[in-house]
Amino acid sequence: MWSELDKPWQACLELAWEAYCADCVPIGAVVTDADGNILSRGRNRVYPRYMWKERPLGAEIAHAEVEALRNLDFTAGDYHEYALYTTTEPCPMCMGTLYMSGVRRLYYAARDPFGGSTNLLGRTWYLSRKPVRVFGPEKPAFENIVIALFVEQDCGFHSGRLPAGDFYHRMGEAVGAAVELGQRLWEMGELPRLRKVHASAAEMVESLSFGLK
């Protein structure tokens with residue numbers, strides 16, 4: 001699967017895996033120019049596990065998309081032609097940041113049935129003014145791995161059991177196969193092993209693609 005991904009998606013997944021290995025929510029994002037060249041990168045830095053009790057103020061807004069846009073040099077070219085790639089459908093904050101940045105294209109690899117907010121576009125007068133184009137998941141297998149990373153991590157944070165409530169109820173209805181995949185990954189113990197040996201994102205994807213056939 002890795003070789004089938006375009007360079008921006010590979011970079012996004014590398015950043016998501018880096019976030020996972022740092023006990024942050026596994027989401028990665030990049031901004032590219034019109035030719036697909038990567039201009040900036042960002043990964044989620046929310047809730048590192050070792051900082052749950054004493055995390056710094058403002059840590060909650062360190063989302064991958066915001067980081068990628070914040071790291072972008074807007075003077076280097078026509079940013080209206082740029083595109084934001086992210087592993088996961090952006091939340092309301094990240095959608096607002098993208099809209100106000102002037103970047104006009106968004107690609108996301110996996111749906112977020114709970115916090116995903118691409119549907120905000122066109123809902124108000126202001127959010128209808130800019131011609132932002134949105135492209136949703138195109139590769140089901142890629143989407144499943146992105147979601148499964150998150151679910152497996154959450155299993156680890158909760159002793160192998162997913163929390164009850166609206167979040168996983170919605171996830172189960174929309175992307176149930178990916179949730180089940182994440183639970184299988186937890187039972188396999190493959191991701192912690194790969195993390196321990198400092199495997200690359202490419203090695204992680206290939207290992208999972210082979211092991212889950």
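A residue counts as exposed when its relative accessible area is over 50%, and as buried when that area is under 20%. With this cut-off in hand, a tour of the structure, which is a predicted model, can start at a loop. Ser-159 sits in the loop between α4 and α5. Its relative accessibility is 69%, so Ser-159 is classed as exposed. The backbone of Ser-159 also deserves a look, since phi there is positive, at about 55 degrees, although the residue is not a glycine. A second residue of this kind is His-198, a non-glycine residue with a positive phi near 60 degrees. His-198 belongs to the loop between α6 and α7 (201–211), and with 73% relative accessibility it too is counted as exposed.

From these loops the description turns to the sheet. Strands of a sheet pair through backbone hydrogen bonds, in either a parallel or an antiparallel way. Here, 5 strands form an open sheet in the order β2-β1-β3-β4-β5, and the pairing is mixed. β2 and β5 (133–135) are the edge strands, each of them pairing on one side only. From one strand to the next, the twist averages 15 degrees.

Strand β1, which spans residues 28–32, is a good place to see how the sheet is put together. This strand is mostly covered, with 5 of its 5 residues buried. Gly-28, Val-30 and Thr-32 point one way from β1, while Ala-29 and Val-31 point the other way; all of these residues are buried. On one side, β1 is joined by 5 bridges to strand β2 (residues 38–43), and the two run antiparallel. Within this pair, Val-31 has Ser-40 of β2 as its bridge partner. The hairpin made by β1 and β2 has 5 residues between the strands, and in this hairpin Gly-36 adopts a positive phi near 90 degrees.

β1 also pairs with strand β3 (residues 83–88), again in the antiparallel sense, over 4 bridges. In this pairing Thr-32 is found opposite Ala-83 of β3. Moving along the sheet, β3 is linked by 5 bridges to strand β4 (residues 105–110), and these two strands run parallel. Thr-86 has Tyr-108 of β4 standing opposite.

Ahead of β3 comes a loop that starts after α2 (64–70), and Asp-73 is found in this loop. Asp-73 has a relative accessible area of 42%, and it is therefore partly exposed. Its side chain forms a polar contact of 2.6 Å with the side chain of Thr-75. Asp-73 can also be placed relative to Leu-39: the two are 34 residues apart in sequence, yet their C-alpha atoms are 7.8 Å apart in space.

The helices add their own contacts to the picture. Helix α1 (residues 7–21) and helix α4 (residues 140–157) have axes that come within 11 Å and cross at roughly 10 degrees. This angle makes α1 roughly parallel to α4. From α1, the residues Trp-9, Leu-13, Trp-17 and Tyr-20 take part in the contact, and they meet Phe-142, Val-146, Leu-149, Glu-152 and Gln-153 of α4. By type, the residues of this contact comprise 7 nonpolar, 1 polar and 1 charged.

Helix α4 also meets helix α5 (residues 166–188); the axes of these two come within 7 Å and cross at roughly 80 degrees. α4 and α5 are therefore roughly perpendicular to each other. The contact involves many residues, including Ile-147, Phe-150 and Val-151 on the α4 side and Met-171, Val-175 and Leu-181 on the α5 side. The residues of the contact of α4 with α5 divide into 15 nonpolar, 4 polar and 3 charged.

The last stop is Glu-190, a residue of helix α6 (residues 190–196). Is this charged side chain's residue, Glu-190, buried or exposed? With a relative accessible area of 15%, Glu-190 is buried. Residues up to four places away in sequence aside, Glu-190 touches Leu-185, Ser-207 and Leu-208. With Ser-207 there is also a polar contact between the two side chains, at 2.6 Å.

Terms used. Residues numbered from 1 in each chain as written. Predicted model: local features only at pLDDT ≥ 70, side-chain atom pairs only at ≥ 80, totals over all residues. Heavy atoms only, no water. Axes fitted to C-alpha atoms, helices over the stretch in contact; angles between N-to-C directions. Parallel < 35°, antiparallel > 145°, perpendicular 65-115°, else oblique. Contact = heavy atoms within 4.5 Å. Nonpolar A, V, L, I, M, F, W, Y, C, P; charged D, E, K, R; others polar. Buried < 20%, exposed > 50% of the residue type's maximum accessible area, 1.4 Å probe, protein only. Pairing = 2+ DSSP bridges. Polar contact = N/O pair within 3.5 Å; in protein donor to acceptor, adjacent residues only side chain to side chain.
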